[in-house]
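Colleague: Got a minute? I'd like to go through this model with you.
Modeller: Sure, here it is.
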2 protein chains.
Amino acid sequence: MDIITQLGPLAFASRLRRLSEHLMKDVTQIYREQAVDFKPRWFPVLYLLNQTSPMSITDIAKDLGLTHPAINQIGGAMLKAGLISSHKDDKDERRRLLGLTAKGRRIASELQPVWDDISSETMNLIRESGMDILAGLDQMELSLAQCGMYDRVRNRIKHRQYAEIEIIAYQPKYKKHFALLNREWLESYFKVEPHDEEMLADPEGRIIQNGGFIFFAKLDDDIVGTAALMKIDDTSFELMKMGVTAKARGKQAGKKLTVTAIEKARESGARTVILHTSPKLKIAERLYRQFGFVDNNGPDDRSARYRRNTISMKLELTNWKYPREENPPEP
Amino acid sequence: MDIITQLGPLAFASRLRRLSEHLMKDVTQIYREQAVDFKPRWFPVLYLLNQTSPMSITDIAKDLGLTHPAINQIGGAMLKAGLISSHKDDKDERRRLLGLTAKGRRIASELQPVWDDISSETMNLIRESGMDILAGLDQMELSLAQCGMYDRVRNRIKHRQYAEIEIIAYQPKYKKHFALLNREWLESYFKVEPHDEEMLADPEGRIIQNGGFIFFAKLDDDIVGTAALMKIDDTSFELMKMGVTAKARGKQAGKKLTVTAIEKARESGARTVILHTSPKLKIAERLYRQFGFVDNNGPDDRSARYRRNTISMKLELTNWKYPREENPPEP
DNA sequence: GAATATTACGTAAGCGCTTACACAATTGTT
DNA sequence: AACAATTGTGTAAGCGCTTACGTAATATTC
């Protein structure tokens, strides 16, 4: 039992490839022995064209799940072997229609019995496996179409990272971290204004003593992020001063800080959480929207919004729940 | 539903490859995002070396089911990335032992959780398929190890060809075919002697009127082979004058002629069939042995055998039955 | 103990696909 | 009608493996 087999699911793709190559090689050998000038990789094209009228390169590529250069190359070889002919499409001068020649059709019918043999023996092989592997592959491709391996693993990694982030409450010794983390993003996107300076100089007085909260995200003994909840009134908090250090971006610290803040606000009896952010901070905005925050700019606040370059958002805590994981298609 | 899926077992290998590539691509993307300088194709090597002491290139190749140049190239890349180190084997100056560096070991442990994620998600995917595809692959590889796709299909093709050969009895109009087919092999391997000429000139008188038989193999309206059964006495026939035209070699005509002759001899009450052939005719000899003919040269016949360059063979018809198909390993 | 076979490795070239890019024809937009 | 966007194709280059072959070290044979 070799290591690829031992590895089980981890090397699943390798095993599929190995099996595929093994089968392919045998089939090549069979063709070679039948002494037909025919390569296995031509098969799908030959088969497709044998069933339909001439098709364009991209259409064939689409049907076969290959790229158009692949079809271009296969087509070139088959053209040289005299199996297909090509001519321009009258309706669209860009398209080149590939169709079988008489020779191509003859080869196809000559190979038909061999294909039947291959098909039958593959069926036998599948039967020997004791299960309907073809149906399994169908289902697997269906599952992958719904959520690809990339998204699956990525979600899992995110969850793992999320679990690794520890959220801790404010302690005086973290005051400097609060300032540093906030300066980091303030300085790179805006400039630190007097109003900010006051807040960073005395978070305890400005936030906590007003009934607010400050959280820190800890990863492997490092403080990598922070967020603050400022109490507005008995039913609302403002989420503010959230920052994650550049080195730890993408490790779900922001997400966990946000969740913690929202839950804390709810525990404290609030019904809404508001926040102000900037259109510059695309990632933050996306995060907020993900958690259910919606635009909160009044109709006549629009001009103000753009003048101050600020987005105002709001989250109703009634019935709020942690949103379903989702991976919107990346650009 | 695309055409590859439609084709079912015929495009089974293609589907396996497609699925494998899809998975591989996603895994590449995951690695890339983890910002580790690591290529998926390095994985098996890293994993293997992480479990064992340094190994030589060919040993790794053997374990992973790849060729040694592949390992050479992967090794080169991993060496450049600082994941492995290499040094000559003291005991064998040809061998170059590859082992993980500290960095390699670190990367391996960093990637471990990601591998676990990939493994779990693949397991999920397999579970979603509704069957234990891994076990199916195990069984399939086992089946293939016992009899590869090449042999399976080849046997099937042979059977088909065998069925396509029609054996017909002697008719006067085939006299010229009998002569032509025999001249073809006589002239290319030996020279036609007076004894042969007589036989070819009057097969009816020499063979059939003596209680023997002549058969022809017909393929697509062409007479492609012949064989004769000469009656020796009440309990034995001699199989002789068997020839298949070059164009139809390998299409099982010889086999079907031999079977027909053996069965005819038995029906006619014979207990043995003998034949004389030449060591030059390797393929014929193999065919005869396949059907159970054994050497029939007496102990003091050895010298004679070599002088006359003739092999004498014999088949006992008692309990004779059509031999099991077999594909001895090709040279 | 020489001749021969085998083994380990390296290198080159090829295969079959991919991605990346270029360019022309067509379609959509205003 | 002019312009941009899209689409169909061709070409180049790359990737990851293979086969083929060369060379040196080791094992086997007589």
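Modeller: Start with Arg96(B): an N or O atom of its side chain is 2.3 Å from a phosphate oxygen of DNA strand C. Keep in mind that this is a predicted model.

Colleague: Which elements give two or more residues to the surface near DNA strand C?
Modeller: From chain A, α5 (68-80). From chain B, α4 and α5 (68-80). The largest share comes from α5(A), with four residues.

Colleague: What else touches a phosphate oxygen of strand C?
Modeller: Asn72(B) is one. An N or O atom in the Asn72(B) side chain is 3.0 Å from a phosphate oxygen of DNA strand C.

Colleague: And how far is the Arg94(A) side chain from a base nitrogen of strand C?
Modeller: 3.1 Å, from an N or O atom of the Arg94(A) side chain to a base nitrogen of DNA strand C.

Colleague: Which residues come nearest to strand C?
Modeller: Arg41(A) and Thr67(A) from chain A, with Thr58(B), Arg94(B) and Arg96(B) from chain B. They are among 21 residues around DNA strand C. Of the strand C atoms that come within 4 Å of the protein, sugar and phosphate account for 63%.

Colleague: How do the residues near strand C divide by class?
Modeller: Six nonpolar, six polar and nine charged.

Colleague: Now strand D. Which residues are closest there?
Modeller: Thr58(A), Arg94(A), Arg96(A), Thr67(B) and Glu93(B). In total, 21 residues surround DNA strand D.

Colleague: What does Arg94(A) reach on strand D?
Modeller: A base oxygen, 2.3 Å from an N or O atom of the Arg94(A) side chain. Arg96(A) and Asn72(A) go to phosphate oxygens of DNA strand D. The distances are 2.4 Å for the Arg96(A) side chain and 3.2 Å for the Asn72(A) side chain.

Colleague: Which elements are behind that surface?
Modeller: Those giving two or more residues are α4 (57-64) and α5 of chain A, plus α5 of chain B. The most comes from α5(B), with four residues.

Colleague: How much of the strand D contact is sugar or phosphate?
Modeller: 62% of the strand D atoms within 4 Å of the protein. The rest belong to bases. By class, the surface near DNA strand D has six nonpolar, six polar and nine charged residues.

Colleague: Let's switch to the protein chains. What area is buried between chain B and chain A?
Modeller: About 7300 Å², with 70% of it from carbon and sulfur atoms. On the chain B side, Leu10(B), Met149(B) and Tyr150(B) lose the most area to chain A. Together they make up 9% of what that side buries.

Colleague: How many residues are in contact?
Modeller: 68 of chain B with 68 of chain A.

Colleague: And how many salt bridges cross the interface?
Modeller: Twelve by the rule. One joins the side chains of Arg156(A) and Glu121(B), at 2.9 Å from N to O. As for polar contacts between chain B and chain A, the count is 20 residue pairs.

Colleague: Which element of chain B gives the largest share of that side?
Modeller: α2(B), with 16 residues. The side of chain B that touches chain A divides into 34 nonpolar, 17 polar and 17 charged residues.

Colleague: Last one. How is chain A divided into domains?
Modeller: Domain 1 is 34-146 and domain 2 is 167-316. Their C-alpha centres lie 57 Å apart.

Methods. Residues are numbered from 1 along each chain as its sequence is written. Chains are lettered from A and ligands numbered from 1 in the order in which they are written. This is a predicted model: local features need pLDDT of at least 70, side-chain atom pairs count only at pLDDT 80 or more; totals for chains, interfaces and linings use all residues. Side-chain values use heavy atoms; hydrogens and water are left out. Contact means heavy atoms within 4.5 Å. Buried area is the accessible area (1.4 Å probe) that two parts lose on being put together, summed over both. A salt bridge is a side-chain nitrogen of Lys or Arg within 4 Å of a carboxyl oxygen of Asp or Glu. A polar contact is a pair of N or O atoms within 3.5 Å; within protein, one must be able to donate a hydrogen and the other to accept it, and residues adjacent in sequence count only if both atoms are side-chain atoms. Ala, Val, Leu, Ile, Met, Phe, Trp, Tyr, Cys and Pro count as nonpolar, Asp, Glu, Lys and Arg as charged, and the others, Gly among them, as polar. Domain bounds come from an automatic or database domain assignment. A residue is near a molecule or strand if one of its heavy atoms lies within 4 Å of it.
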